[in-house]
Structure formats: C-alpha cells, structure tokens
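Open the model in your viewer and keep the sequence panel beside it. We will go from the whole chain to a hairpin, then to a surface patch.

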Amino acid sequence: MEVTEVPMGLLEFLTKLGKALASAGISVVDITSILKRIASAYHVESEILVFPTMILIKLGEHETAPITAANPKPGLIPLNQVSELYELIYRAEDAAIDPVEGVKCIKRILSEKHLFGPTGMIVGYILFSVGIGLLMQPSLEQLIASGILGALVGTLILFGEKRTKFSVILPVIAALLVSCLFFWGVKAGLVAGSFVMLIPSLAYFLPGATLTTGMFELASDEIVSGASRVIYGAAILLLLLFGVLLGLQIMGLPNQELIVFNSATLGWWAPYLGILIFGIGMYLFMSIRNKDLPWVMLILYVAFIGEQIGNYLVGGFFGGFLGSFLMAVSGTIIEKSEHKTPSFVSILPAFWVLVPGSLGFISLATLAGQNFSASVTSGLLMILTIVSISLGLLVGAVVMEPLKNKKIV
C-alpha cells in the first residue's frame, strides 16, 4: 500500500466513528476491522487498539505520527443511527467522503431523535414483552401479565434513558417492581406462579447479546474485551436476581410455588406469531428504519427456524449453533447486497430469540428454591449454549470472509 500524508481530520473522524460504534455495542473485532479498512482506503498506515471503553489510534509510521485516545460509553443507541453510521462507513471505505465532512456527519447522525418518540418506545416494549412471552408458550393470563409488566418496564427504561446514575440501578429496580407485581398476582390467584414468566418483561436487561459477543471476542483472541463483557453480563444477571429475590421476600411466597413451568400452551402457532409481534416491537422500541424492517424480520425467522431445525435434528446446543450461523451468514449477505442493511442491525434482535440470557436467569433463579444441583446443571447449560451461539457467529464470519469486500446482487 502506498503511504501518503494523513488527510486533515482523518484521526478525529476515526476516533469519533470508533466511539459511536462502541457505544452501539458492536464487537471490538468489527470496530477494529472497520477503522483499519477506512485508514487503508485513505492510504494511511494505522495502529488501532479497541476495547469496550477505550480506543487508541495511531496514523502514520513516523515517530511523530498523530495518536489519540477516546473513552466511549457502551450502550444501545437507536438502530436508525447505527444504520446511518454504516452508510457513512461504506462511503469512507471507498474514500468517497472528506474526513472533515465525515466528522460533521457523525455529529448530525448522533443528534437525531428516536423515530417513534416516547410513546413508540413504550408501545414497542409492550409488544417486545408479549412477543417473547409467546415464544415461551404461556397461558392467556400469563401473556396478559407479560404485556402489563412490559408497559411498566418500558416506562422505567424511558425514564432512565438520559439519567446515567439511575440507569446503573435500573435492572435492580425493574426486577424488584416486576417481581413484586407478579408475585402479588400469584398470591391473589390471578396468574400461575413461575419464575419463567418474569423473563418477557425483563428481557431487555438479560445480557444474552453481551455474553455472546464476549465469547465471540474471546474466540477471536480479544481476551481483555471478551472477558470484560462476560464479567459485565454475569454482574447484570446477579443484579436482576437480587431484585427478583428481594421482591420474593417482600411478598413472602413459598419457594415451591414459583419454580414451576407452565404446561398450558396456546398452540404450535404461538412462537411464530410471537416472532412477528416481537419484530414489530423491536421496530418501535429500537427505532428501526422502514427500509431495514423486512430484513430484520427475515433474520428473526431465519434464526428461530434454524434453531428449531437444529434442536430437532441433534439437540439444543446444535440448535443454538445453527440458528446463529444462519443469521450471521444471512446478515452478511443482506449487508453486502444492494439492500445495505447493516448485519449488526439485522441480527441484534435475533439474540433475544436465541435467548441465552434467559437460560442464565433461570439457572440463577433455581437457587431461590434451594435447588443447588439444578442450578449448577442449568448454569452449565447456559455456558454451553452461549458457546454454541458464539461458535455459530464465528464460523459464519469465517465462511463469509471471502465475500466481505464483494458486492452481492
């Protein structure tokens, strides 16, 4: 590669872009690859080190080459912003935009508001909860409870959106309020008692995507980033468990009433309808663009059906592997086609369909019933499920690597 002088504004452009991508929760493997491709497009040598909360960038080979550091704030930004960031990335990878102009574009993109506003977020989260509930084959009263509790949690999420200190304790507060209301309903005989039915309303906090991304990064030799995400995910699970157990103690219910799995089901069609409702909920809650919605829905069904086929042919672990492999391959094909929906946007909702975080929460919840052997077994199942999903993502990335720089039509 022919080396030239560093274009004006390129270092700031890469820094701000890296911070924005890290704030969206994108893996450090992908962020590093994107930033290096952009630097290469401008014929500049680069050394880039990315962690979830730290980015170091050096451009050029000489001793006085510019270097910078940044501290991104991990989280989830509206997916319409992520899509626009990737459209900017596609232009930058062809050196089709001036870096100074690119900095202005990033500021404009990050200043954009949620597409559907507060009301859309709350309605979206209600549908999100109901969709997850349908995947779990609930009774009708449990499904109604999922929607009501989802409205409560959606309101809490909206309230804590720009309140950093509150957002830190939000998982505990949400778990406490949800568990108190749910256990009150159990005590009043309004709903069957099962820890499992707490999952739909609390699903947003379940760190399935975080744990899976962490395992993916560990498998990609990003030890520090991967380990930090896994530890963070485990901490969130413990915070949720603390809130649930506190609610259980406040309501004073016998443990044996709660470690029960519901046997009543709505029918074979319920999960497929659940995917549709869940996808619409994510569209409203996560602010997905209209042009991206069909591909998000496609990946949701690809992941879910792939998981079901894998479960039927071999077992649960292969189901997680096959579902994540197919969603990774499909997401990459869509991104590299003329449709250009970023794979991160199309596959992120599917993590909640594969629900590794739910398994972890159930395994911890069994501790409440003093069932330590079942808790250890479920915990091991959670770890192996996350490994299978991460392996599917990794194999999918390897298979699609030759097509990364090609346009598919």
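A contact here means heavy atoms within 4.5 Å. Of the contacts in the protein chain with a separation of 6 or more, 74% are between residues 24 or more positions apart. Keep in mind that this is a predicted model.

**Whole chain.** Show the cartoon. The protein chain has 16 helices and 3 strands. Now colour by burial. Buried residues are 53% of the 409 residues. Switch on the surface. The accessible surface comes to about 17,900 Å², and carbon and sulfur atoms hold 66% of that area.

**The hairpin.** Select residues 46–51, strand S1, and add strand S2. S1 and S2 run antiparallel, joined by 6 bridges. Together they form a hairpin, with 2 residues between them. Pick leucine 49; leucine 56 in S2 stands opposite.

Next, show side chains on S2, residues 54–59. Which of them are buried? Ile55, Ile57 and Leu59 are, and they point to one face. Met54, Leu56 and Lys58 point to the other face and are not buried.

**The patch.** Select Trp268, Trp269, Tyr272, Leu273, Leu276, Ile280, Ile305, Ile309, Tyr312, Leu313, Val314 and Phe318. These make a nonpolar surface patch of about 1,200 Å². Colour helix H11 (270–285) and helix H12 (293–313): each supplies at least two residues of the patch.

Finish on tryptophan 269. Find this residue in the loop between helix H10 (223–251) and H11. Its relative accessibility is 36%, so tryptophan 269 counts as partly exposed.

Conventions. Residues numbered from 1 in each chain as written. Predicted model: local features only at pLDDT ≥ 70, side-chain atom pairs only at ≥ 80, totals over all residues. Heavy atoms only, no water. Patch = residues over 30% accessible without salt bridge, like charges linked within 9 Å, V, L, I, M, F, W, Y side chains within 5 Å. Areas by Shrake-Rupley, 256 points an atom, 1.4 Å probe, with all protein chains shown as cover. Salt bridge = Lys/Arg side-chain N within 4 Å of Asp/Glu carboxyl O. Helix = DSSP H or I, 4+ residues; strand = E, 2+ residues; numbered from the N terminus. Buried < 20%, exposed > 50% of the residue type's maximum accessible area, 1.4 Å probe, protein only. Pairing = 2+ DSSP bridges.
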